[in-house]
Amino acid sequence: MQTSSNGRPNIIVLYADDLGFGDIGCYGATAVPTPNLDRLAKEGLRFREGYATAATCTPSRYSLLTGSYPWRNPGARILAGDAPLIIPPGSFTLPAMLRQAGYATGVVGKWHLGIGDGNPDWNGELTRVPLDVGFDTSFVMPATNDRVPCVYLDGRRIAGLDPSDPIEVTYDPAKAFPGIPTGRDNPELLRIRYSHGHDMSIVNGVSRIGFMRGGTAALWRDEEMAEVFLQRSVGFITANRERPFFLYHAFHQPHVPRLPGPRFAGVTGLGPRGDVIAEMDWCVGRILDTLDRLGLRENTLVIFSSDNGPVLDDGYVDQAVERCGDHRPAGPLRGGKYSLFDGGTRVPLLLRWPGTVVPGESSAMVSQVDFLASFASLVGCELPADAGVDSLDVLPALLGRSPSGRSELVTEGIGAKTLLRVGSWVFIPPHAGEAVSRTTGIELGNSPEPQLYNLAADVGQTANLAAQAPERLPRMAERLREIQEAPGTRPGAAGASPAPAVMGRTEPRNVASHTGLSSDSSRGS
């Protein structure tokens, strides 16, 4: 086995889709068996205050890869399946940084950050794809499993496409394709009914968002998707076992539509939502087993997290609400996907690096936006002044060497509505909109009045302390304004407005100072 420079580990980010803080066993769930994630937690660190930057998917994924708050980019919102790429090609992203440091970089699974420059031609070689923002290899779904086109993008081309049956896609109802069945007009063709929104083109007996025709040979089968992606990730790990690699495996579970493979259908009492969580956990186990089989366990840093909090009814009638029972997908937190409350962005976050990270729990506040600066520190790479502008080096916290992470964090609900957390205090400015979503039933956190919560005493955000602690409101409102008006918050970033007492360092340093590894540590055998 090759010896890695400076003891640099392989890095794998396993990223769930709509998984809540209370959805897996190591965070208190009992209704869904998650033995592999529980194993990951037992062998690594379980973070109690790990955050995505947003309560929706595209913005969180943007932050993870760019190290920037999503509201700085107006395009970082829930995207249509034919939306343009929102990360400029050539950006100094997480994979680009690691590639510069000598890593092989690969992405497998859900992308949902745009393809092309708008209205892409799906039948030729595509530009502005994951390969253009730092990945060496890419096998992804272009958007989400409930949006067209329902095909796999392998590098720059659609996998399995028959040139005589070209793909056409539109999200304009006025341009819907005549004669192509839709959920609204042809409900008799559906094997899963939609509850809201998902009434357009039917693929695999499921109506989706958007309209498409053609590409029949390339269409995915939902029940096979988990294993298709798993095989690709196992192949990437195997092919790059002799060199440092970075794998971003973005699960589609438990996003809708929830269609588990045959071996997982009915294995939980929660219906398809519980079943696909069990399926995702099995996939995690197969990836961990691959590391063991190849002798890579000791020198691979594995992170598991989620893009945002949970939702039950997100557009299909699959009994997620009726069969939830006593299961609490967000655990003790208020809100869920789309919400300004903590249930929208506080998510599971597990990190394992055997022999380097001591297993346990951490109360350090860390965010996925910090992966870029923290991993740059790990591999000794200096960030340019205009890159990762909100990414803080919280590597000591991520490795369990420090109990302190961030001192402040901005997160957002749907529609880029922002809030600020400083220490244990959360300030939610007044935001217009419904308090409870009419379609999902989730508390969104919108209120005409300011809200102030102390998470140290009230993790469920039940008591608004704005009237009891009025002196905090103007200070936090002003700090939020400063952050929004400055081009960044990372010390060293151009024009940054860093926190008064940032707990992370940003200068690069030798990995040995954090891990106890010598520069000639081997990668295993």
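Strands are DSSP runs of E that hold at least two residues, numbered from the N terminus. The exercises below concern a predicted model.

**Exercise 1. Locate Asn119 and describe its backbone.**

Step 1. Asn119 belongs to the loop between β4 (104–110) and β5 (137–141).
Step 2. Its phi is near 50 degrees, a positive value in a residue other than glycine.

**Exercise 2. Identify the cis peptide bonds that precede Pro254 and Pro257, and place both prolines.**

Step 1. The bond from Gln253 to Pro254 is cis, and its omega is near -5 degrees.
Step 2. The bond from Val256 to Pro257 is also cis, with omega near -10 degrees.
Step 3. Pro254 sits in the loop between β12 (245–250) and α5. Pro257 is likewise found in the loop between β12 and α5.

**Exercise 3. Classify the packing of α1 against α5, and list the residues in contact.**

Step 1. Helix α1 covers residues 35–42 and helix α5 covers residues 272–293; their axes are 7 Å apart, at an angle of about 55 degrees.
Step 2. Angles under 35 degrees count as roughly parallel, and those from 65 to 115 as roughly perpendicular. The angle therefore makes α1 oblique to α5.
Step 3. From α1, the contact involves Pro35, Asn36, Leu37, Arg39 and Leu40. Their partners in α5 are Met280, Asp281, Trp282, Val284, Gly285, Leu288, Asp289 and Asp292.
Step 4. By class, the residues of this contact comprise 7 nonpolar, 2 polar and 4 charged.

**Exercise 4. Determine which parts of the chain the salt bridge between Arg46 and Glu361 ties together.**

Step 1. The structure holds 38 salt bridges in total.
Step 2. In one of them, the side chains of Arg46 and Glu361 meet at 2.5 Å, N to O.
Step 3. Arg46 lies in strand β2 (residues 45–47), while Glu361 lies in strand β15 (residues 360–362), so the pair connects parts that are 315 residues apart in sequence.

**Exercise 5. Describe the largest pocket and the second largest pocket by volume and lining.**

Step 1. Rolling a probe the size of a water molecule over the atoms shows where empty space is left.
Step 2. The largest pocket has a volume of about 310 Å³. It is lined by 18 residues, and those closest to its centre are Ile78, Arg147, Asp314, Lys337 and Tyr338.
Step 3. The lining of the largest pocket divides into 6 nonpolar, 7 polar and 5 charged residues.
Step 4. The second largest pocket holds about 270 Å³ of space. Its lining has 15 residues, with Pro310, Leu312, Pro329, Ala330 and Gly335 nearest its centre.
Step 5. The lining of the second largest pocket contains 7 nonpolar, 6 polar and 2 charged residues.

Definitions and conventions. Residues are numbered from 1 along each chain as its sequence is written. This is a predicted model: local features need pLDDT of at least 70, side-chain atom pairs count only at pLDDT 80 or more; totals for chains, interfaces and linings use all residues. Side-chain values use heavy atoms; hydrogens and water are left out. Axes are lines fitted to C-alpha atoms, for helices over the stretch in contact, and angles run from 0 to 180 degrees between N-to-C directions. Helices (H or I, at least four residues) and strands (E, at least two) are DSSP runs, numbered from the N terminus. Angles under 35 degrees count as roughly parallel, over 145 as roughly antiparallel, 65 to 115 as roughly perpendicular and the rest as oblique. Contact means heavy atoms within 4.5 Å. Ala, Val, Leu, Ile, Met, Phe, Trp, Tyr, Cys and Pro count as nonpolar, Asp, Glu, Lys and Arg as charged, and the others, Gly among them, as polar. On a 1 Å grid over the protein atoms alone, a cavity is a set of points where a 1.4 Å probe fits but cannot get out, and a pocket is an open set with protein on both sides within 12 Å along at least five of seven lines; lining residues have an atom within 4 Å of a point. Grid points are joined across faces, edges and corners, and a volume is the space filled by probe spheres set on the points. A salt bridge is a side-chain nitrogen of Lys or Arg within 4 Å of a carboxyl oxygen of Asp or Glu.
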